[in-house]
Amino acid sequence: MKLRIALINPWIYDFAAVNLWSRPLGLLRVAEYLSQFDIDLSLIDCMDMFNNKNYGKGKYPKVMIDKPACIRGVPRNFGRYGISVDDFRDTLIKNSPFDMVFMTSIMSYWYPGVRKAVEVIRSVSNVSNVSNDMPIVLGGIYATLWHRHASEKSGADFIYKGHISDNIKFVLNTFGFRIKKRNPKTPYHRLSLYKYYPFAPVLTSAGCPYKCAYCSSNLLNKGFTQRDPQKVIDEIKELYDIGVRDFVFYDDALLVNSDSHIKIILKEVMKQAPDMRFRCPNGLHARSIDDELAYLMKGSGFRTLRLGLETVDTGRQIQTGGKVSSEELINAVDILKRRGFTRNNIGVYLMYGLPGQSFQEVKGGVEFLKSLDVSIYLAEFSPIPGTECWSELISKGIISNDIDPLLTNNTVFSYLFSGYDIDELEKIKLDVKGYNNS
Ligand code: B12
């Protein structure tokens, strides 16, 4: 009998959730890995709200829920985003029986979504042919960064740390399943996991050459590696042939070593398909942008660009990793505008609530970005265990190591721990909104 595995992307639990071309790429890579074995795979993506007409942006349905005790004081509505619990349960029953569940996890502070999905799976097993003791393996970013918390609180049977690899065979062995490689890997879009592919996430590299104090890229990846550009081109072409026109880069460092990497990819794209659209919701390194790259980005159909500045304070720029200076940002914006990008396309991320960062500094950043005539995206700092910022917060006694991950939610953390005057913060957010719409 073929092994049957349910792949699950659980719900988001948050105060707000913006659907910015999100698909659980990690879980899709797991599917590709498993496609080498003789396994039946089914996907239940609680966040799949896409039909063929929407281009990957839109609102997720939200159901209000009671706030867990530790975040009760935050004056915002908390909720579960995604498909209904009934739909999840029905789909699970309809597609069962399964031998195992492979569940992913993305933001750590969405762990109540993982717990809820585990709870529903366990409850279903009593009323259907879903096996009572079906093992649930949890992997992904929360499972990796908060391994102990996930072991204690998620309810899953096995917490898998890191990227998918042959190690998973040992995990399967412990549950009594033996698998042997039979096929080459099949790309996820050929596995009939989704009905629609209105857009596609693309990852051209893993990790990042910088080591920013607030970022966990180095904890999630060993070093920085870039894929062979030709392989990326082939993947994009194949997705194009099934109708995908919107491509979303999930890289941490897309533009690094541009001459031998992204420029090669974009040159090919420009030759082959003039109707593609590229999105970069994740911050790009301004330092890597030169005139040729800006020309290629414009010509190949880049629409949404987000550059990471994070802070205008020179000292903090250096201290947090030195990935960019204000001068480099000015230069990049200038180059991009000369090649036809406008304020609508160019957004710049500015962080607030970093340890030790004054509100004045944030205000200074906003004024600086207004002077560059770019869109401004305020991003709340969210602490991650294992990073330098985390150690700083611990040593200053602001947080403790056993903090509930819910308190690291970007909304909560800035509200409770930044020390900013909340009215002033709301004012600056409104000011930025007004400016972006002007
Ligand atoms: C793309 C991206 C986004 C995208 C969307 C991501 C999505 N799918 O929803 C956008 C730009 C919207 C985004 C936004 C934000 N992001 Co983000 N994002 C990323 C990024 C760069 C890549 C994630 C990814 O797809 N990786 C690629 C896949 C292939 O890797 P993977 O998921 O880890 O999967 C592998 C393994 O984990 C494992 N695996 C995964 N699942 C499973 C399951 C099983 C069973 C097994 C065995 C294995 C396994 O195998 C996979 C393949 O090897 C990560 C950084 C990173 N390097 O991962 C940050 C990251 C996830 N984001 C982060 C943050 C903080 C944010 C923001 C809060 C930033 C802000 N202040 O605004 C917002 C929040 C948005 C929101 N509320 O929705 C943090 C999360 C930290 C945390 N606390 O959990 C990260 C880690 C970056 C960081 N700063 O360190 N993000």
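1. In this predicted model, strands β17 and β18 pair in the parallel sense, with 6 bridges between them. Tyrosine 352 stands opposite glutamate 380 in β18. Strand β16, which spans residues 302-310, also pairs with β17 in the parallel sense, here over 5 bridges, and glycine 308 stands opposite tyrosine 349 in β17. Strand β17 itself, residues 346-352, is mostly covered, since 6 of its 7 residues are buried.

2. Glycine 386 may be worth locating on the structure: it lies in the loop between β18 and α14, the latter being residues 388-395. Is glycine 386 buried or exposed? It counts as partly exposed, because 13 C-beta neighbours lie inside 10 Å of it, whereas 20 or more would be needed for a residue to be buried and 12 or fewer for it to be exposed. When its neighbours within four places in sequence are left aside, glycine 386 is in contact with Leu145, Ser216 and Leu219. Glycine 386 and cysteine 215 are 171 residues apart in sequence, yet their C-alpha atoms are 9.3 Å apart in space.

3. The domain assignment of the chain gives domain 1, residues 3-174, and domain 2, residues 199-437. Their centres, taken over C-alpha atoms, are separated by 26 Å. Between the two, 22 residues of domain 1 are in contact with 23 residues of domain 2. On the side of domain 1 that touches domain 2, α4 gives the most, with 3 residues, and by class that side has 15 nonpolar, 4 polar and 3 charged residues.

4. Where does the ligand lie with respect to domain 1 and domain 2? Both domains give residues to the shell around the ligand, and therefore it lies between them. The ligand is surrounded by 43 residues, of which the closest are Gly26, Thr104, Gly139, His163 and Ser216. The elements that give two or more residues to this shell are α1, β8, α4 (141-145), α7 (217-220), β15 (277-284) and β18 (375-380). Helix α1 gives the most, with 5 residues. Taken by class, the residues of the shell divide into 25 nonpolar, 14 polar and 4 charged.

5. Helix α1, residues 25-34, lies across β1, β4 and β8 and runs at about 165 degrees to β1. Within α1, the residues Gly26, Leu27, Leu28, Val30, Ala31 and Leu34 are buried, and what covers the buried residues of this helix includes β1, β4 and β8. Gly26 is thus listed among the buried residues of α1 and is also one of the closest residues to the ligand. Helix α2, residues 85-95, lies across β1 and β4, and runs at about 165 degrees to β4.

6. The strands crossed by these helices belong to an open sheet of 5 strands, in the order β4-β1-β8-β9-β10, in which the pairing is parallel. Strands β4 (39-45) and β10 (158-159) stand at the edges, each with a single partner strand, so that one side of each is left without a neighbour in the sheet. Inside this order, strand β1, residues 3-9, pairs with strand β8, residues 100-103, in the parallel sense over 4 bridges. Which residue of β8 is the bridge partner of isoleucine 5? The partner is methionine 100.

Technical notes. Residues are numbered from 1 along each chain as its sequence is written. This is a predicted model: local features need pLDDT of at least 70, side-chain atom pairs count only at pLDDT 80 or more; totals for chains, interfaces and linings use all residues. Two strands pair if DSSP finds at least two bridges between them. Two residues are in contact if their C-beta atoms, placed from the backbone, lie within 7 Å. Axes are lines fitted to C-alpha atoms, for helices over the stretch in contact, and angles run from 0 to 180 degrees between N-to-C directions. A residue is near a molecule or strand if its C-beta atom, placed from the backbone, lies within 6 Å of it. Ala, Val, Leu, Ile, Met, Phe, Trp, Tyr, Cys and Pro count as nonpolar, Asp, Glu, Lys and Arg as charged, and the others, Gly among them, as polar. Domain bounds come from an automatic or database domain assignment.
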